[in-house]
Amino acid sequence: MHSQELCPCGSNLTYAACCGVYHQSQTFPPTAEKLMHSRYTAYCLKNIEYLWLTTHPCTRRPNLKNEISIWANSVDKWLNLTIIKVLQGGAEDKIGKVEFRATYLTHDEQHSLHELSRFVRHSGHWTYKDGIIGE
Ligand SMILES: [Zn+2]
């Protein structure tokens, strides 16, 4: 996507000034919420490598990269991300939880994903550990 387009995560910043900074490894997301945003945008852009790299090493099952790719490619279009609740995950924290709802289109049907994601700091940087899918 063009770097001056609005970032898909809904921040109202350009992609270059928002999640693009993390995707290009210029810096790491300082909070779990920012990592959540950048991972949502990575799904929008089908950036499988970024999703893999920001998954906690303990969660990297042998087939995970393939699973991420299948899931990312099964979505035709991501519509929006709503952060519902953030617990910890701040600059001084080691763990964090982010509850969100993401809506997307698959075969012209709108779906939504409601998840409580757990994030853990690894080697000083936020990583995605796992999530509990809600209704
Ligand atoms: Zn963004």
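1. In this predicted model, strand β4 makes the greatest contribution to the lining of the second largest pocket, to which it gives three residues. This pocket holds about 250 Å³ of space, and among the 16 residues that line it, those closest to its centre are F28, L53, T54, H125 and W126. Besides β4, the helices α1 (19-23) and α3 (48-53) each give two or more residues to this lining. Sorted by class, the lining of the second largest pocket has seven nonpolar residues, eight polar residues and one charged residue.

2. The largest pocket, for its part, holds about 430 Å³ of space, and of its 23 lining residues the closest to the centre are R39, Y43, W71, E115 and Y128. Its walls draw on several elements, since at least two residues each come from α2 (32-44), α4 (64-74), β2 (95-106), β3 (109-122) and β4 (125-133). Here too β4 should be noted, as it supplies the largest share of the lining of the largest pocket, namely five residues. The classes in this lining are 13 nonpolar, four polar and six charged residues.

3. A reader following the rings will find six aromatic pairs in the model. How are the rings of W71 and Y104 arranged? Their centres lie 5.5 Å apart and their planes stand at 85°, and because planes over 60 degrees apart count as edge-to-face, this pair is given that name. W71 belongs to helix α4 and Y104 to strand β2, so that the pair links distant parts of the chain, 33 residues apart.

4. Is W71 buried or exposed, or something in between? With a relative accessible area of 28%, W71 is partly exposed, because this class covers the range between 20% and 50%. Y104, by contrast, has a relative accessible area of 11% and is therefore buried, as the cut-off for that class is under 20%.

5. Y104 also pairs with W78, and this aromatic pair is tilted, with 5.0 Å from centre to centre and 50° between the planes. Since W78 lies in strand β1 (residues 77-88) and Y104 in strand β2, the pair ties together parts of the chain that are 26 residues apart in sequence. Both W78 and Y104 are buried.

6. These rings are best viewed together, for Y40, Y43, W71, W78 and Y104 form one aromatic cluster. Two members of this cluster, Y43 and W71, were met above among the residues closest to the centre of the largest pocket.

7. Finally, a ring can also face a charge: the charged end of R60 sits over the ring of W52, at 5.0 Å from the centre of that ring.

Terms used:
Residues are numbered from 1 along each chain as its sequence is written. This is a predicted model: local features need pLDDT of at least 70, side-chain atom pairs count only at pLDDT 80 or more; totals for chains, interfaces and linings use all residues. Side-chain values use heavy atoms; hydrogens and water are left out. On a 1 Å grid over the protein atoms alone, a cavity is a set of points where a 1.4 Å probe fits but cannot get out, and a pocket is an open set with protein on both sides within 12 Å along at least five of seven lines; lining residues have an atom within 4 Å of a point. Grid points are joined across faces, edges and corners, and a volume is the space filled by probe spheres set on the points. Helices (H or I, at least four residues) and strands (E, at least two) are DSSP runs, numbered from the N terminus. Ala, Val, Leu, Ile, Met, Phe, Trp, Tyr, Cys and Pro count as nonpolar, Asp, Glu, Lys and Arg as charged, and the others, Gly among them, as polar. Rings of Phe, Tyr and Trp (its six-membered ring) pair if their centres lie within 6.5 Å; planes under 30 degrees apart count as stacked, over 60 as edge-to-face and the rest as tilted. Buried means under 20% relative accessible area, exposed over 50%, partly exposed in between (1.4 Å probe, protein chains only). A charge sits over a ring if NZ of Lys or CZ of Arg is within 6 Å of the ring centre and within 35 degrees of the ring normal.
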